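Trainee: I should like to study this protein chain by question and answer.
Mentor: Let us place the structure before us and begin.

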Amino acid sequence: MADVAIPAGWDESRGNAPALNRRFDFPAYRATRDFLDRLADLSEAEDYYPNLGFGTTHVNVTINARDGSALGEADVRFAAAVDALYQDMA
């Protein structure tokens with residue numbers, strides 16, 4: 001598959017499995033929780049569940065390459081949708 005453009009703000013990992021990583025920061029736990037709830041809704045709608053790590057005021061999102069070998073358009077679209085969720089909360 002051809003290389004895809006990595007969305008601004010996301011870091012690309014090329015370890016054992018390619019992935020996109022981004023940290024999202026929030027002013028308080030309530031905002032973090034709202035983001036997690038919206039991300040859960042997006043994941044259910046897209047039938048894709050990224051790896052998450054979170055604390056009181058942050059969420060780390062890792063989107064693994066769905067085919068296991070290269071990031072594709074679906075991975076980049078999901079990252080853009082996550083960005084949109086975050087922007088809607090600002």
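**Confidence and architecture**

Mentor: Among the elements of the protein chain, the lowest mean pLDDT (92) belongs to strand 1 (residues 11-13) and the highest (98) to helix 1; pLDDT is the predictor's confidence in each residue, from 0 to 100. Helices (H or I, at least four residues) and strands (E, at least two) are DSSP runs, numbered from the N terminus. This is a predicted model, in which local features need pLDDT of at least 70 and side-chain atom pairs count only at pLDDT 80 or more, while totals for chains, interfaces and linings use all residues. Residues are numbered from 1 along each chain as its sequence is written, and side-chain values use heavy atoms, with hydrogens and water left out.

Trainee: What is the mean pLDDT of the protein chain?

Mentor: Of the residues in the chain, 98% reach 70 or more. The mean pLDDT of the protein chain is 93.

Trainee: Why do the buried residues of helix 1 lie on the same side?

Mentor: Buried means under 20% relative accessible area, exposed over 50%, and partly exposed in between (1.4 Å probe, protein chains only). In helix 1, A31, T32, F35, L36, L39, L42 and S43 are buried. They lie on the same side of helix 1 because the arc that they cover around the axis, taken from the directions from the helix axis to the C-beta atoms, is only 135°.

Trainee: Which residues are exposed on the other side of helix 1?

Mentor: The buried residues of helix 1 pack against strand 2 (19-25), strand 3 (51-55), strand 4 (58-64) and helix 2, where contact means heavy atoms within 4.5 Å. On the other side, the exposed residues are R30, D41, E44 and A45.

Trainee: Which residue meets D37 in a salt bridge?

Mentor: A salt bridge is a side-chain nitrogen of Lys or Arg within 4 Å of a carboxyl oxygen of Asp or Glu. D37 counts as partly exposed, at 31% relative accessibility. Its partner stands four residues away in helix 1, about one helical turn. At 2.8 Å, N to O, the side chain of D37 meets that of R33.

Trainee: Is D75 buried or exposed?

Mentor: The side chain of D75 forms a salt bridge with that of R66 (3.2 Å, N to O). R66 is partly exposed, with a relative accessible area of 39%. The relative accessible area of D75 is 2%, so D75 is buried.

Trainee: Which side chain does a polar contact of 2.5 Å join to that of D83?

Mentor: D83 is found in helix 2 (residues 73-89), and D83 counts as buried at 15% relative accessibility. A polar contact is a pair of N or O atoms within 3.5 Å; within protein, one must be able to donate a hydrogen and the other to accept it, and residues adjacent in sequence count only if both atoms are side-chain atoms. The side chain joined to D83 is that of R22.
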